[in-house]
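Colleague: I should like a close look at a single part of this model, followed by its wider setting. Please take one strand as the starting point.

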Amino acid sequence: IYMCMHVGTNFSQFLLKFGHKTVKMAKTTAPTSSGEPNSYVKLCQEFSVGGFSAVPVKLRPGCKACHLLYFKPHHVRETDDKRPADRTLFVLNVPPYCTQDSVQRLFSRCGKVQAVHFCERPGGQIHAEDQSTFFPTTQDIRTFKVAYVVFEKASALKKAAGLKLSEPFVLSAADKPIVTGMRKWCQKYTQDRPDVTDLQSELDSFMAEYDKRKKEELEREKARGEEPDEEGWITVTRHGRTPGAPRTEAMEKKALKREKKKRSRRELMNFYTFQIRESKREHIAQLRKKFEEDKEKIATMKANRRFRPY
């Protein structure tokens, strides 16, 4: 859809695929020039395919080219706490430079937005927000993506489903501009080399939180060990630098292997006369077997004319 509208080509049909549904659109004429934003606005006001509506957006106020976002209420069979069906708007064709703040400003005119989630594909996993500034657990999506806009009230979703704009929405705001091009890479280069003081402060706070969590776990284990269970038994636990190993199947196999190895070391090898005689017999048998294998190998090399003794 996006390519056809940008090159200004007349297209008669296109397929909009979402899940297992395939919807055909009747003949539509895209704007003949990228400098006609009003044509995009008029097209979006008449656009309705498979429950999807469209809204025109552009990066900056001076941009002549517009981009179209397609959205509709999010209805699926599976229940998801992060994407409630009665308050979530599903948005397609989100460009890589679009931010969560831009999407929130766009749909906040319909009601208060609780959260905006980006995914690489429809139904993708929503990751938790990174708590660390210098050690992020998730990476930014650098391709076209989908967005899930969660409103605080269900009435806002109904307003957003019928959203129509009189002019293209500008994604980059004055207070929160979208950085692109060389400035973006320079900003990324600076962020990858953080200040040592701020980094040390975050590490100290993380270790303090970790020690606090470990201390609470140890206290809970001690409290649980001192209290008898339903049958009156008390679980004895071992604390310290070398706590007892858990009684699992893997640990029991390791313990048996170690015990077998110790037992083999204590055994006296070749102590009796019959042991010496059997070991010599096995050694001679191994030498004969190796001699026959070497003879076959040399015969094979001769047959292949690759035998070079010197």
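Which residues of β5 lie on one side and which on the other, and are they buried or exposed?

Modeller: The model is a predicted one, and the description below should be read accordingly. In β5, S53, V55 and V57 lie on one side, while A54, P56 and K58 lie on the other; all of these are buried, and both faces of the strand are thus covered. Because six of the six residues of β5 (residues 53-58) are buried, the strand is largely enclosed by the rest of the structure. The cut-off behind this reasoning is that a buried residue has under 20% relative accessible area.

Two strands pair with β5. With strand β6 (residues 67-73) the pairing is antiparallel and runs over five bridges; here V57 stands opposite H67. With strand β10 (residues 169-170) the pairing is parallel and extends over two bridges, and K58 stands opposite V170.

Elsewhere in the model, charged side chains meet in pairs. The structure holds seven salt bridges, one of which links D80 to R83 at 2.9 Å, N to O. D80 is partly exposed, with a relative accessible area of 29%, whereas R83 is buried at 11%.

Helix α6 (residues 196-226) contains another such pair: the side chains of E217 and K214 form a salt bridge at 3.8 Å, N to O. These two are separated by about one helical turn because they are three residues apart in α6. Both partners are partly exposed, E217 with a relative accessible area of 30% and K214 at 40%. Salt bridges with shared partners also join D101, R105 and K176 into one network. Within it, the side chains of D101 and R105 meet at 3.5 Å, N to O. D101 and R105 both belong to helix α3 (residues 100-107), where they are four residues apart, about one turn of the helix. D101 is partly exposed, with a relative accessible area of 23%, and R105 is partly exposed as well, at 25%.

Two surface features complete the account. A patch of positive charge on the surface brings together K254, K257, R258, K261, K262 and R265; of these, K261 is placed in helix α7 (residues 249-266). P122 lies in the loop between β8 (113-119) and β9 (145-151), and its relative accessibility of 44% makes it partly exposed. The C-alpha atoms of P122 and V91 are separated by 9.4 Å, and the two residues are 31 apart along the chain.

Technical notes:
Residues numbered from 1 in each chain as written. Predicted model: local features only at pLDDT ≥ 70, side-chain atom pairs only at ≥ 80, totals over all residues. Heavy atoms only, no water. Patch = residues over 30% accessible without salt bridge, like charges linked within 9 Å, V, L, I, M, F, W, Y side chains within 5 Å. Areas by Shrake-Rupley, 256 points an atom, 1.4 Å probe, with all protein chains shown as cover. Salt bridge = Lys/Arg side-chain N within 4 Å of Asp/Glu carboxyl O. Lys, Arg positive; Asp, Glu negative; His and termini not counted. Charge placed at Lys NZ, Arg CZ, Asp CG, Glu CD. Buried < 20%, exposed > 50% of the residue type's maximum accessible area, 1.4 Å probe, protein only. Pairing = 2+ DSSP bridges.
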